[in-house]
Amino acid sequence: MGPVRWQVVAVAAVGLALTLEVLPSVLRWLRAGRRRRRPRRQVLFFPSQVTCTEALLQAPGVAPSGSGCPCSLPHGESSLSQLLRALLAARASLELCLFAFSSPQLGRAVELLHQRGVRVRVITDCDYMALNGSQIGLLRKAGIQVRHDQDLGYMHHKFAVVDKKVLITGSLNWTTQAIQNNRENVLITEDEEYVRLFLEEFERIWEEFDPTKYSFFPQKRRH
Ligand code: ZN
């Protein structure tokens with residue numbers, strides 16, 4: 001090899017070294033850019049694998065047990081654990097508009113948020129909330145505000161809004177039976193327009209179901 005060839009090799013080697021050096025920061029920069037531009041878009045599909053959710057649902061002040069949970073369930077992620085994470089991310093407010101709410105894990109998550117000082121409001125269906133296993137009574141006992149319909153038609157929504165920024169909506173009823181057995185979808189989106197529209201609908205129903213407007217002795221319609 002002549003002296004010129006050696007120079008080419010040396011320049012190429014330096015170039016390669018530099019590229020490898022800066023590559024991670026370039027990739028990080030690109031990834032951060034994508035995160036900034038694109039709001040969260042996620043879909044969870046059910047039925048969910050049954051996993052242990054103990055670590056997620058520990059009360060404040062309880063030391064995390066780490067990887068030492070002795071139960072026999074798998075300890076990885078599942079659709080349910082990701083739904084719980086999305087809810088537990090709340091810092092200021094949580095609006096829940098749910099036809100059926102009997103899943104103990106989801107009930108526990110909502111109670112934890114209430115204990116942390118998150119303002120939780122629940123709208124639900126008057127028929128379903130009276131059924132055995134409903135979490136609504138427990139949530140009320142914990143001091144969470146609940147309002148319900150008085151209609152024959154169902155309050156059939158299944159959506160939640162976290163911190164007025166993240167909309168969680170789909171076909172899933174918040175019951176263990178649906179979580180573990182049904183084919184369901186749950187969309188998680190930060191799209192500002194959808195969040196705004198769902199919040200407006202929540203406020204509209206919240207006002208409509210104000211208990212001071214309940215009629216305990218419905219008047220017969222006059223013809
Ligand atoms: Zn476990």
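This short talk describes a zinc site, the nonpolar cores and the salt bridges of one structure. Please keep in mind that the model is predicted.

I begin with the metal. The zinc ion is held by the sulfur atoms (SG) of Cys52, Cys69 and Cys71 and by NE2 of His75, at 2.1 to 2.3 Å. Why is the arrangement called tetrahedral? The four donor atoms subtend angles of 104 to 119 degrees around the zinc ion, and this makes the arrangement tetrahedral. Along the chain, the donors follow the spacing C-x16-C-x1-C-x3-H. Cysteine 52 and cysteine 69 both lie in the loop between strand E1 and helix H2, so the pair ties together parts that are 17 residues apart in sequence. Cysteine 52 is buried, at 13% relative accessible area.

I turn next to the interior. The largest nonpolar core has 38 residues, and Leu94, Ile168 and Trp174 have the most contacts inside it. Helix H2 gives the most to this core, with six residues. A second, separate core has 13 residues, including Phe159 and Tyr214.

Finally, I come to the charged side chains. The structure holds eight salt bridges. In one of them, glutamate 203 pairs with arginine 121, and their closest N and O atoms are 2.7 Å apart. Glutamate 203 lies in helix H6 and arginine 121 in strand E3, so this pair ties together parts that are 82 residues apart in sequence. Is arginine 121 buried or exposed? Arginine 121 is buried, with a relative accessible area of 2%, whereas glutamate 203 is partly exposed at 31%. Both residues belong to a network of salt bridges that also links Glu95 and Lys164.

Technical notes. Residues numbered from 1 in each chain as written. Predicted model: local features only at pLDDT ≥ 70, side-chain atom pairs only at ≥ 80, totals over all residues. Heavy atoms only, no water. Donors = N, O, S within 2.8 Å, 3.2 Å for Na, K, Ca; no water. Tetrahedral: all angles 85-135°; square planar, octahedral: opposite > 155°, others 65-115°. Helix = DSSP H or I, 4+ residues; strand = E, 2+ residues; numbered from the N terminus. Buried < 20%, exposed > 50% of the residue type's maximum accessible area, 1.4 Å probe, protein only. Core = buried A, V, L, I, M, F, W, Y, C linked by side-chain atoms within 4.5 Å. Salt bridge = Lys/Arg side-chain N within 4 Å of Asp/Glu carboxyl O.
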